[in-house]
Amino acid sequence: HWSLILMGLIAAGLLIFRPGEVPPLFFDEGWNLMAARNWLQIGHYGPLVNGHPEFVSLSTGLPAIIPMAISFKLFGIGPWQARLPGILFTAGAFVLIWYIAHKLYGRRIAAFALAVLIFMPAHPDLHATLIGRQALGEMPAIFYLLLGYACFLASLKGPSWLKYLTIIWWGLALATKAQVIPFLFVALFVPLLLRLFQRRWKEAGIILWGLIGSFAAFGIFTICQRYLLHDPMPAQMHIANWSNTIADLQTHIRMTAVRYLLVFGLPTLLGLLYALFKLTRDCLKKRTFAEGADIAKLSLLVLCLGWMGWFVSLSVGFLRYLFPAMFLGSIFTAHMLNELTNGFRPPPLGLNPRALKCLFALALVAWTAIPTLRMLYKFNASGAGKDALHVVDYINSSTPSDAVIESGQVELFFLMNRRYVFGYERFPVSVPMKGDSDYLIIGPMVRELALVDPSLVRNQFTCFVSFGKYDIYKRIR
């Protein structure tokens, strides 16, 4: 109980510390937050380009955007209000990870799974208390997915009405983040085939219900979203937008993804492979899975390993795309460390198999925990998160009310009380304003993606104020 309370307090402290500044507002958050604010204030689900509504295909679904709009409605427009739903989703996901790990492996491993989530992800794009609080779709999707698994576990031996909740939560997960679709399908299809082979008809029926029902719920949610938002974009455009992040076979991206997995995801990968080996070995010994919990284990293992396999072989290589597999896989990482350390007991003296296993587990923990603690201190002590807020304060207070702001830093726009445009030809939303913008903002994402030609900037604008990595330019008239 003390270890659980300690992990809970640490996680809560990390989640609520400077939520509007740590980590700094991120480019992808801007799309979701513009949609939430504009939908709340004028009924338009998307950005306003020079004050006019424009439709875009968002990669985050309505089940994640609605809580952001509710937060804005209750507490006003602001950075911490934007991230409050993410904090709540993350807290709920921590609770659900503990609950599912407890059901699958016991209380000790459940508590240590929380420790794995807190002390072993050594990159901010993989740490739940950092990426989880951001206004993105990953954590809401994980929360709904875990809630579905919790109901699925309970429905195997509990009331039959829980299977209806299962498909609702899984349907919401699919509607929140389309990347979940192939992995949840495979994660349910593989156990379904196994139960059919074993002639365990009742459990096969529950799994089939979850598979068909969740995708049916997803279809209903998608149709309702299109009608609710009066979305004029054809479905093919949404599918094309989603498919852009599904596959990229460039060699350098594949090598980068492999390196990311080995550097940051190795403990999780080893935990998943160990759990799969042990589950397969037990299955061969017993000739069958003795309990319904084994099906939930197999489903989660297939989901996580499938996600990791896609990340290495097909994804566009953004480290953030590895996060769901690592979050869900924390259960199996904790299980592996428990087995290697014989229940987290001190190793015996001497070079014997048990001592070597303990030393290997300690090496894994030290290899990840030390960089994680260093990273957490760096991010939480940094003042870089204030830069974007200073830029917005300056624009709102020191520029004419009719000024037009041009930038590719979309994370700024939901806080601005000025008209804004996406003024770069390479930017996938709008065409340049051809001299109509009054101010230009260049920040880290614009530089990283080379969205602007420096020579054009020098000829048309003059830089007159900077806040950290953001430079504000005024057009030469």
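## Sheet

Two strands count as paired if DSSP finds at least two bridges between them; strands (E, at least two residues) and helices (H or I, at least four) are DSSP runs numbered from the N terminus. In this predicted model, local features need pLDDT of at least 70 and side-chain atom pairs count only at pLDDT 80 or more, while totals for chains, interfaces and linings use all residues. Residues are numbered from 1 along each chain as its sequence is written, and side-chain values use heavy atoms, with hydrogens and water left out.

Glu406 stands opposite Leu440 in β5. Strand β3 (residues 404-407) runs parallel to β5 (residues 439-442), and three bridges join them. The open sheet has five strands in the order β4-β3-β5-β7-β6, with mixed pairing. Because β4 (419-421) and β6 (461-467) stand at the edges with a single partner strand each, one side of each has no neighbour in the sheet.

## Salt bridges

A salt bridge is a side-chain nitrogen of Lys or Arg within 4 Å of a carboxyl oxygen of Asp or Glu. The structure holds 11 of them. One of these joins Glu406 and Arg475 (3.6 Å, N to O). The pair connects strand β3 with strand β7 (residues 470-475), across 69 residues of the chain. Glu406 and Arg475 are both buried (under 20% relative accessible area; exposed is over 50% and partly exposed lies in between, with a 1.4 Å probe and protein chains only).

Asp28, Glu138, Lys177 and Arg320 are joined into one network by salt bridges that share partners. Within the network, the closest N and O atoms of Glu138 and Arg320 are 3.0 Å apart. Glu138 lies in helix α7 and Arg320 in the loop between α14 (292-313) and α15, 182 residues apart. Both Glu138 and Arg320 are buried.

## Cavities

A cavity is a set of points, on a 1 Å grid over the protein atoms alone, where a 1.4 Å probe fits but cannot get out; lining residues have an atom within 4 Å of a point. Grid points are joined across faces, edges and corners, and a volume is the space filled by probe spheres set on the points. There are three cavities of 30 Å³ or more.

The largest encloses about 110 Å³. Of its 14 lining residues, Val116, Met120, Pro121, Thr268 and Met326 are the closest to the centre. Helix α15 gives the largest share of this lining, four residues.

The second largest cavity has a volume of about 50 Å³. Glu138 and Lys177 are among its lining residues. Helix α7 (residues 138-157) contributes the most, four residues.

Note on methods:
1 Å grid on protein atoms, 1.4 Å probe; cavity = no way out; pocket = protein on both sides within 12 Å on 5 of 7 lines; lining within 4 Å.
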